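Open the model in your viewer and keep the selection tool at hand. The tour goes from one pair of helices to a single helix, and then to whole chains.

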Amino acid sequence: MSSAAGVGAATALLEVDGLVRHFGGVQAVADASFVVKPGTITGLIGPNGAGKSTVIDMISGRTRADRGAVRFEGRDITDHRAHQVSQRGIIRTFQTANVFGRLTVVENLLMGATAWHGERLSRALWRRSCWSATEAELVERAFSLLQRFSLEKLANEYAGSLSGGQKRLVEVMRALMAEPKMLLLDEPMAGVNPTLALSIAERLIELRDQGMTMLMVEHELRWVDKLCDPVVVMARGRVLAEGSMEELHENQQVVDAYLGG
Amino acid sequence: MSAATVYYLSGLAILFGINLIAIWGLDLHFGLAGINSFAFIIFQAIGAYVTAVLSLAAPQAGSFESYILGTSWPWPVALLCGALAGAVLAVPVGLIAVRRLRGDYQAMAMLVLALIANSLIGAETGWFNGPSGVEGIPAPFGNLNVSLYSYHWVFLALTAVCCLVAWWIARGISRAPLGRALRAVRDSDSAVAALGRDPNTLRMTALLAGGFLGGLSGGLLVEYVSAWSPASWLYGETFLFFTAVIVGGRGNLAGAALGTLIVPIGIVEVTRQLPQFGYPGEFDSFQWIAIGALLLAFLWFRPNGLIPERRRIFRPPSERPGGLLASRPRIRRAQSP
């Protein structure tokens, strides 16, 4: 499959090239190669245990790859740690919503803003003046995001007290506060009620139309149908096929492994 | 009030201040950054030892004392070095127990560190005079020609100044974006890393600042009581501080102050005035039982403490009257979820 990386290299934003990862005796990812082109929502689907989340973890620097490479904007980021990957502009969300429970929604969003000098010890102690203006700007940006997602009412609630779906939204908004070049979404619709899921989907389409690139793991095929093009199918740690959903429905291997009748 | 009562109360106030500095330091570790700092007492200990050996003169030949340095430095320099030693100690403690360990394992590693440090300092007679410890540490402003009673006021003023410094550090950190980042680390490591911050750097920052306060508290304590030995910093003392933070309310400076008033002052110091009973040491054991029971009661029934952490309220730009002041978050008391 390493040819896929070669073909797309010229236009790809993210290249995943021959990633391998073992956990003890279990081979979670055997050989994963694919590319993500700018401005797309690329889907990553496959049965449970196919290695999708491990791939996301390896791209985002949370898990180290045993072998293979990840390149972002042509730069090798395989050995980057999680915070370094996000500094490059790849922001991820988690399979189970990972909000700061004892921070309010606004504070969660403020944490999304790129790490900045207000978080240095010396500035915190001596130079209030040099962070208060930036802080006010960020608060303003946070509120305009909340407005866009119609969540202003929850602004000052503790994120830990929100529903599962609302936590997801907070996570997505927090990621957007970072002004990322690319989003890694690990099952953004899981456990979200249909109405809220639809609103998340609409936001994602809006973002794509504005030029955002996304790589999205999703189990519910109706969302994959609606949002993702192209789609990468993984099974048993390998990339099985790649293409639009129509193409994949034609592919017997994929139908057998995952899509079913 | 009789002179003796005033003397006693001003002494209590000094001990309150000294404990408060340490408990604010622990609150930076445990309350704000979520580090299970069960080795906190060693920050106070190193501050005390360093301050002591820097202000003492070199041990006399023929005496049974032996300790390092003995430079007879002026007390403010020694005190500052003691506080800095606390901050420096944060580096090895961080490398051992904070970089790789979390939760229960971190707590265990910290506790073990405190035990090892105490045994090591007790056994190694060359560094700080082993189990007997150091004594006769010169008092600050020792050449002032005042009565013992008036001297208490001088030392109280010094304590107040140190408390102000500690307050400035603790409050500066907790209200700045740094404080928010530390509270975020407390909730989720992985999310902090996914947002471009190194959680370890943030944790080390908290450990360093809290270590500085621990060292400052130790230095001040040794200048007040003028002696320091391994028996002064058994690991149990750490639980005293933890109880104060949990009873008062973690993540809240006023809460920590209230906890200091209740636990190390109320339960430990004031009860010394009660008539002793039983065999020697029985009374002390009851003190520890009281502290343990209080800790349990709060963990069960009021885990956020008497004054819980405050919620920071932000107003949307449209609701603000404008101006720089308006961008300040309003702080409201509220229970954590």
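How are helix 2 of chain B and helix 9 of chain B oriented to each other? Before answering, note that this is a predicted model.

**Stop 1: two helices in chain B**

Select residues 40-55 of chain B, which form helix 2, and residues 199-225 of chain B, which form helix 9. Their axes come within 6 Å and cross at roughly 50°. The two helices are therefore oblique to each other; an angle under 35 degrees would have counted as roughly parallel, and one of 65 to 115 as roughly perpendicular. The crossing of helix 2 of chain B with helix 9 of chain B is right-handed.

Now show the side chains where the two helices meet. On helix 2 of chain B, select Phe40(B), Phe43(B), Gln44(B), Ala45(B), Ile46(B), Gly47(B), Ala48(B), Thr51(B) and Ala52(B). Their partners on helix 9 of chain B include Gly211(B), Gly214(B), Gly215(B), Gly218(B) and Gly219(B), and also Leu216(B), Leu221(B) and Val222(B). Colour the residues of this contact by type: nine are nonpolar, nine are polar and one is charged.

**Stop 2: a helix in chain A**

Move to chain A and select residues 105-112, which are helix 4. How many of the residues of helix 4 of chain A are buried? Eight of its eight residues are, so the helix is mostly covered. Click along Val105(A), Val106(A), Glu107(A), Asn108(A), Leu109(A), Leu110(A), Met111(A) and Gly112(A) to see the buried residues.

Next, display what lies against them. Within chain A, the buried residues of helix 4 pack against helix 6 (128-148) and helix 7 (164-177). From chain B, helix 7 (177-187) and strand 3 (310-313) also pack against these residues.

**Stop 3: the whole of chain A**

Show chain A as a cartoon: eleven helices and ten strands appear. Its radius of gyration is 19 Å, close to the 18 Å that the globule rule gives for 261 residues, so chain A is as compact as a globular protein of that length. The C-alpha trace of chain A spans about 60 × 40 × 35 Å along its principal axes. Of the 261 residues of chain A, 48% count as buried.

**Stop 4: the whole of chain B**

Switch the cartoon to chain B, with twelve helices and four strands. Along the principal axes, its C-alpha atoms fill a box of roughly 75 × 50 × 45 Å. Chain B has 337 residues, and 45% of them count as buried. The radius of gyration of chain B is 21 Å, which agrees with the value near 20 Å for a compact globule with 337 residues.

Definitions and conventions: Residues numbered from 1 in each chain as written. Chains lettered and ligands numbered in written order. Predicted model: local features only at pLDDT ≥ 70, side-chain atom pairs only at ≥ 80, totals over all residues. Axes fitted to C-alpha atoms, helices over the stretch in contact; angles between N-to-C directions. Parallel < 35°, antiparallel > 145°, perpendicular 65-115°, else oblique. Left-handed = near helix turned anticlockwise from the far one by under 90°. Contact = placed C-beta atoms within 7 Å. Nonpolar A, V, L, I, M, F, W, Y, C, P; charged D, E, K, R; others polar. Buried ≥ 20, exposed ≤ 12 C-beta atoms within 10 Å, placed from the backbone. Rg over C-alpha atoms; globule rule 2.2 N^0.38 Å.
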